[in-house]
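Dear colleague,

I am handing over the structure below, with its sequence, and my notes on it follow. Please read them with the structure open beside you.

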Amino acid sequence: MAPHDTPREPMSALDAAWLRMDRPTNLMMICAMMLFESRLDLHALREAIRTRMLCFHRFLLRVAGSPEAPCWETDPQFDLDWHVRRVALPPGRGALEELVGDLASTALDPRKPMWQFHLAEGAHASALILRIHHCYGDGFALLHVLDALTDADPAHPHAACGDGAPAPPHSAWERLAGGVAESAGDALRAMFDAAGAGAAMLASPRDALALAAGAADLLQQAGTIAAMTPDAATSLKGELGVMKRVTWADPLALDDVKAVCAVFGCSVNDLLVACLAGALRAWLRERGEPVDGVALRALVPVNLRPPGPVHELGNRFGMVFLSLPVGIDDPLERMAEVRRRMDALKHSRQPLVALAILAAMGVAPESIKERVLETLAANASLVVTNVRGADTPRYLAGRRIARQMFWVPQSGGIGLGVSMLSYAGRVDVGVIADARRVPDPHALAPHFAAEFESLLLHALMLPWPAPA
């Protein structure tokens, strides 16, 4: 079958939005890394990917169609050896950071399915680096794929699972109206699924009133986003380059993090975000920038899938604008303010509004899409995400994964991303930055652990037993 005769599948508006956000200065790639304490066999790795990952049919598809109406088609020249490559790794952490930074700065080949593994081999250990375009799925979906790719017990590998329930069918009017209407329909379905609305709700007058109130709240949140002023003018704002630099902080023991959270009555996410706010404050002060009274907005992804296991790839998340209280000096006051702001956002409809904006960007004309993207990027200085991984160690191709970390892409003119991932009792923090805006991410990363040590010390100095 000739390439132009390959059957095609429509791309959802949400997935198309991430495809269309690609820029030379900000590639919409999710980069992840697994560190192994021993050498990973390349043949065994390819076999695991062939049987455990390619059963998700999207990984056999490449992007086709026009930029305004992209779709999926099977790659007739698919070659697994091209997608799973071996690279030499010189000794030292610096060489690994440089390799990941170079890969994060290099676009994936759009003529092929846009994902690739790089097996970096040292003398006695391996690092496996994954690059995948965001249009294939968000971090929550990719964790599901990683779970399918790995085992809890290498002596008892589980069977391949593959795709779950198919995507909902398009209605007759969507098929007649064409790709734009189908994409818009996908967006509306995603919004109503996330909001919990549907025919059952409309059957009850009381539920209908609740839906109307929810719609009014959505409009209010949309107005809040539209009325935002540009974020604080720090060195994080400005023209971007094309090179990325990456690093990671020393891991935190998850039990220690939970113990400090129990003392202060906050969530793990609250504590980690407070540590990030403190780290940014210390880093800006080292650079001689004013910090008192400064607040930096972060774009924070929020999963909008229904409760339960993930059954399909794709993107299904909204975002909230979180104002980080960098201007507060006292660590306890800073953490309390983070908790207050996070609690307020938990009851916000901002994620649904952001979901609708993303869907609109997937089908809007190029000029409008660029204008929306620039506006959103001007309102934030960084992207922050926190993902919960496996609680116990996982094994890939029979080898134990010692550490996992990932780096979140940034959009528009945002030049800093911070990713927090818990895995097997530890929390790893990855930092990716535009080399022009943040040439020294290695100076930022150590402050994260230092801020946690400060909060831990405050917890140990409190009276015991702690007051109610």
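Ala354 has a relative accessible area of 10% and is therefore buried, and it lies in helix 13, which covers residues 350-363. Please bear in mind, here and throughout, that this is a predicted model. When residues up to four places away in sequence are not counted, Ala354 touches Gly318 and Met319. Ala354 and Phe317 stand 37 residues apart in sequence, and their C-alpha atoms are 8.5 Å apart in space.

As for the chain as a whole, there are 468 residues, of which 52% are buried, and the chain has 15 helices and 16 strands. If one takes the contacts between residues at least 6 apart in sequence, 78% of them join residues at least 24 apart.

I then looked at helix 5, which runs over residues 139-149 and in which Ala141, Leu142, His144, Val145, Leu146, Ala148 and Leu149 are buried. As background, an α-helix has 3.6 residues a turn, so residues three or four places apart point the same way. The buried residues of helix 5 pack against several elements, namely strand 2 (29-36), helix 2 (42-52), strand 6 (115-121), strand 7 (126-133), strand 13 (395-396) and strand 14 (399-407). The N-terminal end of helix 5 is capped by Asp138, a side-chain oxygen of which lies 3.2 Å from the backbone nitrogen of Phe140.

Within helix 5 I followed one residue, Leu142, which has a relative accessible area of 13% and so counts as buried. Apart from its neighbours within four places in sequence, Leu142 is in contact with Ile30, Phe59, Ile132 and Gly137. Leu142 and Gly314 are separated by 172 residues in sequence, while the distance from C-alpha to C-alpha is 9.0 Å.

Helix 11 (residues 268-286) packs with helix 12 (residues 331-346) at an angle of about 125 degrees, and the two axes are 9 Å apart. Because of that angle, helix 11 is oblique to helix 12, and the crossing of helix 11 and helix 12 is right-handed. On the side of helix 11 the contact is made by Asn269, Asp270, Leu271, Val273, Ala274, Ala277, Gly278 and Arg281, and on the side of helix 12 by Arg334, Met335, Val338, Arg339 and Met342. Sorted by class, this contact of helix 11 with helix 12 has 7 nonpolar, 2 polar and 4 charged residues.

Helix 11 also crosses helix 15 (residues 441-461), at roughly 125 degrees and with axes that come within 8 Å. Helix 11 is therefore oblique to helix 15, and the crossing of helix 11 and helix 15 is right-handed. Here Leu271, Leu272, Cys275, Leu276, Gly278, Ala279, Leu280, Ala282, Trp283 and Glu286 of helix 11 meet Ala443, Leu444, His447, Phe448, Glu451, Phe452 and Leu455 of helix 15. The residues in this contact of helix 11 with helix 15 divide into 13 nonpolar, 2 polar and 2 charged.

I also looked at some residues in loops, beginning with Ser235, which is placed between helix 9 (205-226) and strand 8 (244-248). Ser235 is buried, since its relative accessible area is 15%, and its side chain is joined to that of Glu289 by a polar contact of 2.4 Å. With neighbours within four places in sequence left aside, the contacts of Ser235 are Trp283, Leu284, Arg287, Glu289 and Arg437. Pro91, in the loop between strand 5 (84-88) and helix 4 (93-104), is exposed, with a relative accessible area of 81%. The C-alpha atoms of Pro91 and Glu121 are 9.6 Å apart, although 30 residues separate the two along the chain.

Lastly, there is the matter of backbone phi angles, for which the general background is that most residues other than glycine have a negative phi. Ala397, which is found in the loop between strand 13 and strand 14, is not a glycine and yet has a positive phi of about 50 degrees. Ala424, in the loop between strand 15 (416-423) and strand 16 (426-434), likewise has a positive phi, near 50 degrees. Ala397 counts as partly exposed, at 25% relative accessibility, and Ala424 is also partly exposed, at 25%.

With kind regards

Technical notes: Residues are numbered from 1 along each chain as its sequence is written. This is a predicted model: local features need pLDDT of at least 70, side-chain atom pairs count only at pLDDT 80 or more; totals for chains, interfaces and linings use all residues. Side-chain values use heavy atoms; hydrogens and water are left out. Buried means under 20% relative accessible area, exposed over 50%, partly exposed in between (1.4 Å probe, protein chains only). Helices (H or I, at least four residues) and strands (E, at least two) are DSSP runs, numbered from the N terminus. Contact means heavy atoms within 4.5 Å. A polar contact is a pair of N or O atoms within 3.5 Å; within protein, one must be able to donate a hydrogen and the other to accept it, and residues adjacent in sequence count only if both atoms are side-chain atoms. Axes are lines fitted to C-alpha atoms, for helices over the stretch in contact, and angles run from 0 to 180 degrees between N-to-C directions. Angles under 35 degrees count as roughly parallel, over 145 as roughly antiparallel, 65 to 115 as roughly perpendicular and the rest as oblique. A crossing is left-handed if the near helix is turned anticlockwise from the far one by less than a right angle, and right-handed if clockwise. Ala, Val, Leu, Ile, Met, Phe, Trp, Tyr, Cys and Pro count as nonpolar, Asp, Glu, Lys and Arg as charged, and the others, Gly among them, as polar.
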